[in-house]
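User: Could you take a close look at one part of this model for me? I would like one buried spot described first, and then the rest of the chain around that description.

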Amino acid sequence: MSANQRLILAVVLSFVFFIVYSALFPPKPVKRDANATVPAKTATQSTQTTAATPEQTVGHAVSSMEKVAEKDATTLVKVSSPHFAMKIDTLGRIASNVLLDKKYYVQGKPAELVAQEGAEPLFIRFADDVLNAAALKTPYRSDVNAVELGEQGQRVVTLTQMLPDLTVTKKLTLYADGHYDVALSFSKPVRYFVYVGQHYEHKGQMVMAVHGVMVYGADGVANIFEDGDVEARASFRDVKLVSAFDQYFASIFFRLDPDVIVNVDHDARNNPVAYLEASKNLSFKGFIGPKNFKQLKSIDPVLTHAIEYGWFTWAAKPLFAVLMWLHGFFGNWGWAIIALVVMIRLILYPLTYRGMLSMQKMKDLAPKIKELREKYKGDPQRMNAATMELYKKHGANPLGGCLPLLLQIPVFFAVYRVLLNAVELQGAPWILWVNDLSRMDPTYILPILMGASMFVQQRMTPNNFTDPMQEKIFKYLPVVFTFFFVTFPSGLVLYWLTNNLLSIAQQYMVNKQYAKIKAMRHEEHEAAKRHKGDKEAS
């Protein structure tokens, strides 16, 4: 294979490997004996502290006493609003938060955002075992039993727990947009821990989406702890927000005092469990709901950092900003995605144009390069020198056809992360049969069209294969891509289909222009030969 072909093959196979590996081998929780002892380990983060954990044995496995208390806990306060329904139980926890908007339905049912097992938001544990045992047996009291929130309303709920020698007060200010203010007060200083909660495990979400806990610090670093991948406790100070999240939803604590310690430990399945540690009265803000950019920004701009794009955040965030701007113009996410592709192609057009011309030149030079290889078969240095001289003479770049592809790969991955995590696409229709851009196309029409467009693009793109096996690998790539794109969100398939169609159009124009250039050069060459023959005859 030529250097050009090797690089293209490497990029394409890397892309296929990324898709295949992510789909077939998602992170799996490491099973741990619930009675095993977890040794104290030190995290590598520069912001860590040496705070002790509430439970010294198995991270945060729920004890038998807590299981009984959770089972016996009943609803204390019901909160209703046009967009969600919340329940606060007799343990002072947010025991349930259900989104009522149809666009957020999961498998045809309203989305529950609070895990029904493990730590739940605003649950308080105490470092003192005796006090903790008493807290599990003593129910909270509330000044109200039901709260109704309008579109822009807010209500205050005060929860009180009377323990031996200690009174705990939780003052919650609830808002209709899903966020709340928390004021915790204790009748005397005591060491305690407040839980962010764990995300609900929704079926049907993409296995390639990251789920877990994020700790976003004042240094602008987002520390991600993925489900099934946490074995040691990490502690942080000066935290801007801590979030327990899945693909589309999150439970978040924010506006924390810089001195508050934020710990991330693990449960029996090695899933992350986040909680605050303090020994004095505490005030902060919380949120439970979809990771909708505009909604989060309207509550507090710091919340927008809870939307996680992974390694490609540097490219994904500005791309999403452009996508939102286009949506404001078109009023439809499908047309916004198409417009985004057009913009990216226009920006990359000069480079892709030169790359396509270079591939045409490389195709024409293939026979001459083959002759050079035969001629200098035993002398690699002379063969390389002669080949480079040939490239220089004809203005061909062996890597010219790969550079546009190399540039498009990170752009694609950035768009992939945007469309994978954008809750705005949930329930968002495009046209005809595409009524939810966040879900796979149930008719398979989009992925089939995408595969067909790849096949057409492949047929139109110049190649100079000399090995039949290499040619077969590329020939079946559209089939491979179609197979894996079947389960992808429709918005992502629409992006790739549009990109292929624009590539086909551009390749068609380049092929036509190059054919004209070749015809002109041939005519000039023939004219020069005739002129030379006439001159010699005279």
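What follows is a request about one residue and a connected answer. Where does Asp 436 sit, is Asp 436 buried or exposed, and which residues does Asp 436 touch?

Analyst: Happy to help. This is a predicted model, in which local features need pLDDT of at least 70 and side-chain atom pairs count only at pLDDT 80 or more, while totals for chains, interfaces and linings use all residues. Residues are numbered from 1 along each chain as its sequence is written, and side-chain values use heavy atoms, with hydrogens and water left out.

Asp 436 lies in the loop between α8 (403–421) and α9 (445–460); helices (H or I, at least four residues) and strands (E, at least two) are DSSP runs numbered from the N terminus. Asp 436 counts as buried because its relative accessibility is 16%; buried means under 20% relative accessible area, exposed over 50%, and partly exposed in between, with a 1.4 Å probe and protein chains only. The side chain of Asp 436 makes a polar contact of 2.7 Å with that of Ser 438. Such a contact is a pair of N or O atoms within 3.5 Å; within protein, one must be able to donate a hydrogen and the other to accept it, and residues adjacent in sequence count only if both atoms are side-chain atoms. Leaving aside residues up to four places away in sequence, Asp 436 touches Leu 425, Gln 426, Gly 427, Ala 428, Pro 429 and Ser 490, where contact means heavy atoms within 4.5 Å.

Now for the wider setting. The protein chain holds 12 helices and 18 strands, and 51% of its 538 residues are buried. Of the contacts with a separation of 6 or more, 67% are between residues 24 or more positions apart.

The largest nonpolar core has 62 residues, and those with the most contacts inside it are Phe 126, Tyr 192, Val 242, Phe 253, Leu 276 and Phe 284. A nonpolar core is a set of buried Ala, Val, Leu, Ile, Met, Phe, Trp, Tyr and Cys residues joined through side-chain atoms within 4.5 Å. A second, separate core of 61 residues includes Ala 250, Phe 287, Ala 316 and Leu 497. In soluble globular proteins, nonpolar side chains tend to be buried together. Among the residues that Val 242 touches are Val 196, Phe 253 and Leu 276.

Turning to the strands, an open sheet of 5 has the order β4-β10-β17-β16-β13, with antiparallel pairing; two strands pair if DSSP finds at least two bridges between them. Its edge strands, β4 (124–126) and β13 (234–236), each pair on one side only. Within this order, β16 (residues 261–266) and β17 (residues 272–278) are joined by 6 bridges, and His 266 has Pro 272 as its bridge partner.

Elsewhere, β1 (residues 75–80) runs antiparallel to β2 (residues 84–89) over 5 bridges, and a hairpin of 3 residues connects the two. Lys 78 is bridged to Lys 87 in β2, and Lys 87 also stands opposite Ser 96 in β3. The hairpin of β2 and β3 has 4 residues between the strands, with Gly 92 at a positive phi near 75°.

Finally, helix α3 (residues 129–137) has buried residues Leu 131, Asn 132, Ala 133, Ala 134, Ala 135 and Leu 136. Asp 128 caps the N-terminal end of α3, with a side-chain oxygen 2.9 Å from the backbone nitrogen of Val 130.
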